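Please walk me through this structure in short steps. Start with how two helices pack, then move on to an annotated tyrosine and the place where the chains touch.

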Amino acid sequence: MTTVTLAAQGIDTGDTAWLLAATALVLLMTPGLALFYGGMVRTKSVLNMLMMSFVSIALVTVVWLAAGYSLAFGEDAAAGLIGGLDHLGMAGIGPDSVQGTVPTLLFATFQLTFAIITAALISGAIADRAKFGAWLVFVPVWALLVYVPVAHWTWGPGGWILDRLGALDFAGGLPVEITSGASGLALCLVLGPRLGFKKDAMRPHNLPMVMLGAGLLWFGWFGFNAGSALGANGLAAAAFLNTLAAGCTGLLGWLFVEQKRDGHPTTLGAASGAVAGLVAITPSCGSVSLLGALVIGLTAGVVCSYAVGWKFKLNYDDSLDVVGVHLVGGIIGTVLIGVFAAAEMTGGAEGLLYGGGLAQLGKQLVAVVAVGAYAFAVTYGIAKLLDKTLGLRASEEQEHTGLDLTVHAETAYDHGVLGHGAPVSSSVVPSAQKVKSQA
Amino acid sequence: MKLITAIVKPYRLDEVKSALQEVGVHGLTVTEASGYGRQRGHTEVYRGAEYQVDLVPKVRIEVVVEDADCDAVIDAIVKAAQTGKIGDGKVWALPVETVVRVRTGERGPDAL
């Protein structure tokens, strides 16, 4: 992503038209993620999974407009660590405000859609067992304390990672992928594993839904990556093609490992492989050549297909593999910029492969470690605090029966009274009657 | 009269149905079932994790027949369901005291 310049040029209609479309594409990724995750859980908590993504859209939007945008993209207030308070409530920004060649309101909305999906991504680590009320508090607090600072470090004016250190991150390996993955790890460690983890199979309940979600994610990812050029230009086109290429080699790499290791190429593997490739190309799509994109996607597909198995050995229930795909894939993509960065894309910086030596690789590593450690530590703190106060975990009975019926008073599917997590429940009827009698 | 219960592999159901028709059985009840036998299911690998699948999907076929037909019906079911591989299932028979056809109230073998 190009860094923020406050020098107001005129609005370019072509750039603005593309960024308007790209913003809508990125917003669509979150409902897509809801389906991707929703299909992976069991029938009894699929609605809860969808809800965690949908409420993220609402919660993060409110927080972003109130303070998030100003703190992330306002004038730097402290050594590249955080933005100022000048634009609280979007103060001072109107239809005439210009950011680069696009309206500032559009730039702020485009950035908002990134914050939304990053929060929603974390929900995959805590499927089937988190208290919904705690999630409603966690998301805005986390967005302000974790996403917003990291976004400022990376893309804010004078942020320490891009502007001062000189590391590269085109579309969000640091603020989106590594941040969501490290935060997911912290949250699932505090929350503890699902009942029956490592004992019950817990296979995905609806793989067509997973595939549909993966398709929507991939579609939206063109807005995410090519939109990050912040203009309708050759860099956007290169990022667009790199995004397609890395998704494809990620998919093929994951399926190859599955066929060799397990004997079956699965639909979940195809969807996950494509997403792993897309995750890894997110930071790098604007700085690597097509060859780099193909290799980065393939590396992510292969490595992440093994990484999703680590949770069983190390005993953390990252239910839908936010760590295995987003943290690991994000690290791969961000670090490999130091190998594959090509001057024709970056306009200067070169990776190891193109004679740039180890300098860029070192900067990428510093950024990865700092962001990963910060996101993990702060999220761990927020989670511990919520656990001690509100309580983070649903009751055992709710988890066993399913959060759909016990929290949302709905079930996704009508399987009859004896079917799949929708048991005969007398508790629903009296509470409905109570509401009536009070009305 | 005897109640014959057969637990068989789901994909043998059509064969068993045809075989039962051939030996003159007019009615049957089929339910989906799951269970395990001496092998206690099998292990599966999915997404890099290996786990035990102990409840294997089966179908349960129930027919009530006259005593004299019992052995022939059991033989027909076994022949149709057999693949020779593990997990082919079980067939057993129990005595039945009475049977009533709900529509007419007929009792005993007339109700079959």
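Is the crossing of H10(A) and H12(A) left-handed or right-handed? The crossing is right-handed. Keep in mind that this model is predicted.

Look at the two helices in chain A. H10(A) covers residues 290-307, and H12(A) covers residues 322-340. They pack at an angle of about 145°. Their axes are 9 Å apart.

Now see which residues meet. H10(A) contributes Gly292(A), Val295(A), Ile296(A), Thr299(A), Ala300(A), Val303(A), Cys304(A) and Ala307(A). From H12(A) come Gly324(A), Val325(A), Val328(A), Gly329(A), Ile332(A), Gly333(A), Leu336(A) and Phe340(A). Sorted by class, this contact has eleven nonpolar and five polar residues. It has no charged residues.

Next, turn to chain B. Strand E4 of this chain spans residues 49-53 and holds Tyr51(B). An unreviewed UniProt entry lists Tyr51(B) under "modified residue: O-UMP-tyrosine".

How buried or exposed is Tyr51(B)? It counts as partly exposed because 16 other C-beta atoms lie within 10 Å, while a buried residue would need 20 or more and an exposed one 12 or fewer.

Which residues does Tyr51(B) touch, leaving aside those up to four places away in sequence? In chain B, they are Thr43(B) and Glu44(B). In chain A, Tyr51(B) touches Ala201(A).

That last contact leads to the meeting of the two chains. Eight residues of chain A are in contact with six residues of chain B. On the chain A side, five are nonpolar, one is polar and two are charged.

Technical notes:
Residues numbered from 1 in each chain as written. Chains lettered and ligands numbered in written order. Predicted model: local features only at pLDDT ≥ 70, side-chain atom pairs only at ≥ 80, totals over all residues. Axes fitted to C-alpha atoms, helices over the stretch in contact; angles between N-to-C directions. Helix = DSSP H or I, 4+ residues; strand = E, 2+ residues; numbered from the N terminus. Left-handed = near helix turned anticlockwise from the far one by under 90°. Contact = placed C-beta atoms within 7 Å. Nonpolar A, V, L, I, M, F, W, Y, C, P; charged D, E, K, R; others polar. UniProt positions renumbered as here; feature names shortened; annotations may be inferred.
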